[in-house]
Amino acid sequence: MGNANSIQTLFLEEVRKSLPSNRSFVDELAEALSISKDSAYRRIRGETVLSLDEAKKLCDYSGVSIDTLFSPTSKTVPFIDHAAGANLTLEQWLNSILKSLSAITDIIYAARDIPIFHLFRKPELAAFKLFFWQKTVMSNPAFLKQAFDPDAVPKEMLLLGERIWRKYTTIPSIEIWGAEAAHNTLKQIQFYEDCGFFAQRSQASRLCDELVDLLATIQAEASDARKTDGSTFNLYHNEVLTTDNLVFTRTRDGQLTFINYNGTGLLATRHNGFCDNTHQYLISLIKHSTLISGTAEKERIKLFSRMTRSLTDFRATVPAQPLSARVSHDGRAT
């Protein structure tokens, strides 16, 4: 019984860590298992052993895998799959990101693409990305026959994206970018332009303008080594970065690693061995990268100029739209 209670205690602690900190764990446990608060207390104290059915309910409710407790140092690494599509709507997926950010204290992000947090501060660019995922990645029937129009994306979803960005600004962050960080979004814009998926021909140029403006803002933040009205921001440039979007975080209760796949796929694990290895890999990647925030002005200008040039080159081939602002060499709007 003692060993069972020890495993149960560890399991319930993992469940507690995964749930919002502003709610009583007893209330959450009672709700998840449809039991009284008194019964919930007995399970927390180990006086009542969880049944297999109850353990399964808690796994489904919290996203915690019980496998971690039985083989925390094995080569088998349990992941929770937060993928928009079959199991989650896009809105639920965004809410899961916001929930995760609420518990994170610092982030190291190896970015194959511009981290999605940044895109959420540009309304039309955010609408395009959310629309692209719905139509082209998730094949949502409601979007399949639609051409892109910013109004096609619910305002509530855009506000949720903005909340995600606002939360990200408060978290000290290290980002590692390759030279092609803007390439993926540009290719998506090009694809929609080639296929006639824009409701108005000028939308491709407007999206390019927003992306150019966003890069200018990020470049200025890198110069200051701080996000606008937010926390510290250390940006590195890696010449040979080939990794997918890989995120290591620390939370109030330990470590958490995310692997992004297929656009909206998000695998998450708290497995200590995997998180430790991920952290070591990212530290090694940083050592082989160039710090371009707060220093290395020449390298910073060169990276952002290269990305901006690819956007302006494409923009010159589509219907004209005046740039919203002129941008200085270090990315500051004038």
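**The sheet, two pockets and a pair of rings**

In this predicted model, eight strands come together in an open sheet with mixed pairing, and their order is β1-β7-β6-β5-β2-β3-β4-β8. The edges belong to β1 (80-81) and β8 (290-291); each has a single partner strand, so one side of each goes without a neighbour in the sheet. In general, strands of a sheet are held in pairs by backbone hydrogen bonds, in either a parallel or an antiparallel arrangement.

One pairing is worth a look. Strand β2, made of residues 104-111, runs parallel to strand β3, residues 173-177, and five bridges join the two. Within this pairing, Ile 107 sits opposite Ser 173 of β3. Strand β3 also meets a helix: α12 (residues 203-224) lies across β3 and β4 (233-237), and its direction makes an angle of about 105 degrees with β4.

Next come the pockets. As a general point, rolling a probe the size of a water molecule over the atoms reveals where empty space remains. The largest pocket comes out at about 1200 Å³. Its lining counts 44 residues, and the ones nearest the centre are Ser 18, Leu 19, Ser 62, Lys 99 and Ser 100. Two or more lining residues come from each of α1 (2-18), α4 (52-62), α5 (67-70), β1, α6 (90-103), β6 (254-261) and β7 (265-269). Helix α6 is the top contributor here, with eight residues. Sorted by class, this lining holds 16 nonpolar, 17 polar and 11 charged residues.

The second largest pocket has about 760 Å³ of space. Around it are 41 lining residues, with Tyr 109, Asp 113, Ile 114, Asn 245 and Asn 260 nearest the centre. At least two residues apiece are supplied by α6, β2, α7 (116-119), α8 (123-137), α11 (183-195), β5 (246-251) and β6. So what is the make-up of this lining by class? It splits into 21 nonpolar, 13 polar and seven charged residues.

Finally, the aromatic rings. Across the whole structure, 18 aromatic pairs turn up. Take Trp 93 and Trp 133: their ring centres are 5.3 Å apart and their planes meet at 85 degrees, so this pair counts as edge-to-face. The two residues are 40 apart along the chain, with Trp 93 in helix α6 and Trp 133 in helix α8, and the pair thereby links distant parts of the chain.

Terms used
Residues are numbered from 1 along each chain as its sequence is written. This is a predicted model: local features need pLDDT of at least 70, side-chain atom pairs count only at pLDDT 80 or more; totals for chains, interfaces and linings use all residues. Side-chain values use heavy atoms; hydrogens and water are left out. Two strands pair if DSSP finds at least two bridges between them. Helices (H or I, at least four residues) and strands (E, at least two) are DSSP runs, numbered from the N terminus. Contact means heavy atoms within 4.5 Å. Axes are lines fitted to C-alpha atoms, for helices over the stretch in contact, and angles run from 0 to 180 degrees between N-to-C directions. On a 1 Å grid over the protein atoms alone, a cavity is a set of points where a 1.4 Å probe fits but cannot get out, and a pocket is an open set with protein on both sides within 12 Å along at least five of seven lines; lining residues have an atom within 4 Å of a point. Grid points are joined across faces, edges and corners, and a volume is the space filled by probe spheres set on the points. Ala, Val, Leu, Ile, Met, Phe, Trp, Tyr, Cys and Pro count as nonpolar, Asp, Glu, Lys and Arg as charged, and the others, Gly among them, as polar. Rings of Phe, Tyr and Trp (its six-membered ring) pair if their centres lie within 6.5 Å; planes under 30 degrees apart count as stacked, over 60 as edge-to-face and the rest as tilted.
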